[in-house]
Amino acid sequence: MDSIKNLFKIGYGPSSSHTMGPQKAAKIFLEKNLNADKFICDLYGSLALTGKGHLTDYIIKKTLGEERTIVNFLYDKTYDYHPNGLKFYAYKDNKLIDEWLVFSVGGGDLKELNESRKTSTKDIYPHKNMRDILEYCKKENLTLADYVKRFDDVTDYLKEVMNTMFNTIEIGLNTKGTLPGSLKLNRRANDIYLKYLENKSFSKLLYASALATAEENANGGIVVTSPTCGASGVLPAVLYSSKIYHHTDDEVLIKALMVAGLVGNIIKFNGSISGAEVGCQGEIGSACSMAAACQAYIIGGNNYQIEYASEIALEHNLGLTCDPIDGLVQIPCIERNPLASAKAIDAANYAILTDGTHRVSFDEIIKVMMETGIDLSSKYKETSIGGLAKREINK
Ligand code: SF4
């Protein structure tokens, strides 16, 4: 498994797979073809179907050059390897000089056709699943945070990550107005935050904080993929509310972030964090699982209780569909963030009341999530051709 640094990426929303990944790919292609005078980029599958709402064409043109770039939406073409394919063509004096087929596989990561999804640039961690990690920790008498520290030099980077998360929340908490796009959706974080200031409760702060990031993401603001942009409000809300409401120490929060990152890494390595591949269970479900692990660590859970909290959170998001209205990362995405952060808190509180033993392991539930995702109709995997995306809504 890669470093946690590759899970928590800092960048512009609204989508890690539809904005950050394509932007990264366009930058790589541009650097290889600095002498090109024209670019064409074909978008396939989910990237074509929800690319407009997710600003995929905008970011590609912005990166390669507005004037010299054409983006085509090929709605009927999808590669079995992954639904988020895109192909770049570079021209010089009307002559094709280079082409590149690449896939944006979730969380801002790129892969080439048929490249193993489990390859990583560097295997930082010697173990690949939770069972082996728990066994190792037991033998070595380590917490899960100690485990991350032993193999991944990530403390300073996570400080930057947490600062970015908190900055984004504070911008969102203090911003009113309407989000861009056809839905003309009003921001709600500020209203709920004001209610929190009038009469403080943990849940009001949690909801407001999760909404703050989700709304900033929908607005194209800076977020941290946790593990994706669409689900980027869940984990930061748990950390921020713990700091502000319970005055939890930064040192504890950074360790909790390590544990959350480890959980996200295991899901990413053994399953998927891509809504286009497995539906929203891979995004909000994974974020909820990471946040549950984070909260369980904060409230003093042992390794087994943390594993149980993560498992509960992922299990009870199984089958969650991805059917964003008008292809925007707004409905149902924004509301899912506060709801998932509350579920994460519940999962942790519940797990800590047990001895951590349970029947279905975290590793097994990742396999179930992956199988469920493969079986889900493509209508519910970030294509906006079914479910909520096809209902009449109050505008
Ligand atoms: S429904 Fe979930 S997976 Fe789909 S775009 Fe929204 S947050 Fe991402």
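In the hairpin formed by S5 and S6, two strands of this predicted model, 2 residues lie between the strands, and glycine 107 adopts a positive phi near 65°. S5 and S6 pair in the antiparallel sense, over 3 bridges. Within this pairing, phenylalanine 103 of S5 stands opposite lysine 111 in S6.

A second hairpin precedes this one. It is formed by S4 and S5, again with 2 residues between the strands. Here aspartate 93 lies in the turn and has a positive phi of about 50°. Strand S4 covers residues 85-92 and strand S5 covers residues 95-106. Their pairing is antiparallel and extends over 8 bridges. One of the bridge pairs places alanine 90 against aspartate 98 in S5.

Both hairpins belong to an open sheet of 5 strands. The strand order is S3-S2-S4-S5-S6, and the pairing is mixed. Strand S3 (69-74) and strand S6 (109-111) form the edges, each pairing on one side only. Neighbouring strands are turned against each other by 25° on average, with direction ignored. Helix H1 (residues 16-32) packs on this sheet. Its contacts are with strand S2 (38-44), S4, S5 and S6. The direction of H1 makes about 150° with that of S5.

Backbone geometry was then examined outside the sheet. Most residues other than glycine have a negative phi, and most peptide bonds are trans. Leucine 55 departs from the phi pattern, with a positive value of about 65° although it is not a glycine. Leucine 55 is placed in the loop between helix H2 (45-50) and helix H3 (56-64).

Two cis peptide bonds are described here. One joins serine 226 and proline 227, with omega about 0°. Proline 227 is found in the loop between strand S7 (222-224) and helix H9 (234-246). Another runs from isoleucine 331 to proline 332, with omega near 10°. Proline 332 is in the loop that links helix H13 (303-315) to helix H14 (333-352).

Proline 332 also belongs to the surroundings of the ligand. The ligand sits in the largest cavity. Gly230, Gly275, Cys280, Glu283, Cys322, Pro332, Cys333, Arg336 and Glu382 surround the ligand. By class, the shell divides into 4 nonpolar, 2 polar and 3 charged residues. Cys280, Cys322, Pro332 and Cys333 are counted as nonpolar. Gly230 and Gly275 are counted as polar. Glu283, Arg336 and Glu382 are counted as charged.

Technical notes
Residues numbered from 1 in each chain as written. Predicted model: local features only at pLDDT ≥ 70, side-chain atom pairs only at ≥ 80, totals over all residues. Heavy atoms only, no water. Pairing = 2+ DSSP bridges. Helix = DSSP H or I, 4+ residues; strand = E, 2+ residues; numbered from the N terminus. Axes fitted to C-alpha atoms, helices over the stretch in contact; angles between N-to-C directions. Contact = heavy atoms within 4.5 Å. Near = heavy atom within 4 Å. 1 Å grid on protein atoms, 1.4 Å probe; cavity = no way out; pocket = protein on both sides within 12 Å on 5 of 7 lines; lining within 4 Å. Sits in = over half its atoms within 2 Å of the grid points.
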